[in-house]
Number of protein chains: 2
Amino acid sequence: METKKTDRRVKYTKMVIKESFVALLKEKPVSKITIKEICEGADVNRATFYAHYADQYDLLRKIEEELIFDVHQYITGDCISPSPATKDMLTKIFSYIRKNAEICRVLLGDHGDNYFQEMLTQLVRQQFISEWTAQKSVSQDDAEYIYTFILTGCVGVIKKWLSQGMQKSDESFAELIIRFADKGSSAF
Amino acid sequence: METKKTDRRVKYTKMVIKESFVALLKEKPVSKITIKEICEGADVNRATFYAHYADQYDLLRKIEEELIFDVHQYITGDCISPSPATKDMLTKIFSYIRKNAEICRVLLGDHGDNYFQEMLTQLVRQQFISEWTAQKSVSQDDAEYIYTFILTGCVGVIKKWLSQGMQKSDESFAELIIRFADKGSSAF
DNA sequence: TAATAAATCAACACTTTGTTTAATAAAAAG
DNA sequence: CTTTTTATTAAACAAAGTGTTGATTTATTA
């Protein structure tokens with residue numbers, strides 16, 4: 001991502017804009033952040049901002065999509081079964097989140113928006129449903145409910161883990177998540 | 001709630017403002033809704049709006065708090081165990097949500113905000129934790145994670161139920177939620 | 001070094017905001 | 001029913017942010 005943008009000025013501009021924006025997001029929700037503020041913090045002209053983004057929300061969206069793109073790389077088949085492969089996958093994802101803890105904490109925190117969370121769950125959704133309906137004799141409808149329960153539950157737990165400074169190691173946290181997913185699956 | 005406000009003019013004003021606001025919330029997120037718009041939709045002077053609310057977000061907050069207050073009435077002790085009392089309690093809550101489906105769907109939908117969801121979970125939180133640590137030999141820390149998993153998971157399922165037109169009856173949906181909570185509890 | 005592209009600056013009309021004043025209308029109290 | 005009280009209105013205001021423009025300067029690439 002962002003490797004084809006040759007011009008260094010563009011790279012720099014986008015970087016400082018994002019930094020300024022994320023810093024503001026720590027203090028208040030997007031809705032209270034003005035483009036003027038972002039530009040002052042980044043020491044960038046307002047016209048330059050509009051050359052790259054439509055508004056604050058567009059900027060937020062693009063930041064989120066970058067993260068989603070990265071996380072997407074880690075997602076492989078076999079999302080739920082408590083296999084070593086799954087544990088490995090989750091550990092890598094949590095390690096990535098830890099590396100980007102600052103922005104992840106903001107996006108999943110009180111000032112974040114639902115969209116990011118929604119995209120995260122959609123990422124695993126299809127994988128999940130198809131695995132489920134194949135393995136067990138569960139109707140599509142029931143599978144949707146189970147999936148929703150487990151996924152939103154796990155995201156909630158991840159948010160808690162993040163907001164409390166990620167005390168548990170990536171690996172042990174992956175084990176915890178697998179346990180939750182496994183127990184949730186047994187609801188039918 | 002709102003029964004001591006004697007002056008009928010105030011009652012009316014608040015009512016039309018809320019109606020106009022909720023109608024707008026169906027179309028777009030709070031952040032895109034202007035006070036001017038709300039007032040035009042309600043046919044109320046802008047100065048009148050400021051006499052009652054600080055801004056859109058204050059208005060949203062007050063609407064949410066009214067709902068939370070109502071739901072709070074239904075919450076009694078014994079939140080989790082799959083007892084008939086629990087089922088009865090949940091059925092009543094879902095019936096209330098169904099009666100206020102329009103606003104609930106908006107607040108828990110894509111244009112809603114996290115705060116409402118947060119308040120809903122906080123409502124059950126203390127009850128939950130204390131029951132848990134008493135019944136089973138679980139550390140406070142583990143209990144927090146289990147609670148988070150179950151609660152956010154259940155709220156996710158409720159959101160799905162709402163957004164899909166509440167096909168399941170209040171009673172059968174209460175049973176579903178109890179089943180999820182029970183299975184989630186068995187994670188330790 | 002020349003050509004190209006990006007960022008800046010200043011100015012623009014426009015919208016929304018939050019507040020204030022006096023005037024008007026409606027409700028509650030006597 | 002009349003008086004008093006209170007809510008709402010209307011109009012005007014400065015302040016701030018928005019989104020866009022055209023000319024200029026600066027940095028990058030080739």
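## A residue in helix α8

A:D142 lies in helix α8 of chain A, which covers residues 140–163. The model shown here is predicted. Is A:D142 exposed, partly exposed or buried? A:D142 has 16 C-beta neighbours inside 10 Å, so it counts as partly exposed. A residue needs 20 or more such neighbours to be buried, and 12 or fewer to be exposed.

Sequence distance and distance in space are separate things to look up. A:D142 and A:A187 are 45 residues apart in sequence. Their C-alpha atoms are 10.0 Å apart in space.

## Chain A as a whole

Chain A has nine helices and zero strands. Its pattern along the sequence is therefore written with helix symbols alone: α-α-α-α-α-α-α-α-α. The C-alpha trace of chain A spans about 60 × 30 × 30 Å along its principal axes.

Chain A has 188 residues, and buried residues make up 29% of them. Now take the contacts in chain A between residues at least 6 apart in sequence. Of these, 63% join residues at least 24 apart.

## Two domains

The domain assignment splits chain A into domain 1 (8–53) and domain 2 (63–185). How far apart do the C-alpha centres of domain 1 and domain 2 of chain A lie? They lie 30 Å apart. The contact takes seven residues from domain 1 of chain A and six residues from domain 2 of chain A.

Look at the side of domain 1 of chain A that touches domain 2 of chain A. By class, it has four nonpolar, no polar and three charged residues.

## Two copies, one axis

Chain B can be laid on chain A with an RMSD of 0.1 Å. This takes a turn of 180° and a shift of 0.0 Å along the axis. The two copies are thus related as by a two-fold rotation axis. In chain B, B:G153 has the C-alpha nearest the axis, at 1.8 Å.

## Where the chains meet

How many residues of chain B are in contact with chain A? There are 21, and they meet 21 residues of chain A. On the chain B side, the elements that give two or more residues are α8 (140–163) and α9 (170–185). Helix α8 of chain B gives the most, with ten residues. By class, the side of chain B that touches chain A has nine nonpolar, eight polar and four charged residues.

Why can we say that the copies meet through the same surface? Because 100% of the interface residues of chain B are also interface residues in chain A.

## The nonpolar core

In soluble globular proteins, nonpolar side chains tend to be buried together. Here, the largest nonpolar core has 80 residues. A:C154 and B:C154 have the most contacts inside this core. Leaving out residues up to four places away in sequence, B:C154 touches B:I177, B:F180 and B:A181.

## Around DNA strand C

DNA strand C is surrounded by 20 residues. The closest are A:T13, A:N45, A:T48, B:T34 and B:I35. Which elements give two or more residues to the surface near DNA strand C? From chain A they are α1 (8–27) and α3 (46–52). From chain B they are α1 (8–27), α2 (35–42) and α3 (46–52).

By class, the surface near DNA strand C has eight charged, seven nonpolar and five polar residues.

Note on methods:
Residues are numbered from 1 along each chain as its sequence is written. Chains are lettered from A and ligands numbered from 1 in the order in which they are written. This is a predicted model: local features need pLDDT of at least 70, side-chain atom pairs count only at pLDDT 80 or more; totals for chains, interfaces and linings use all residues. A residue is near a molecule or strand if its C-beta atom, placed from the backbone, lies within 6 Å of it. Helices (H or I, at least four residues) and strands (E, at least two) are DSSP runs, numbered from the N terminus. Ala, Val, Leu, Ile, Met, Phe, Trp, Tyr, Cys and Pro count as nonpolar, Asp, Glu, Lys and Arg as charged, and the others, Gly among them, as polar. Copies are superposed by least squares on the C-alpha atoms of residues with pLDDT of at least 70 in both. Two residues are in contact if their C-beta atoms, placed from the backbone, lie within 7 Å. Domain bounds come from an automatic or database domain assignment. A nonpolar core is a set of buried Ala, Val, Leu, Ile, Met, Phe, Trp, Tyr and Cys residues joined through C-beta atoms within 7 Å.
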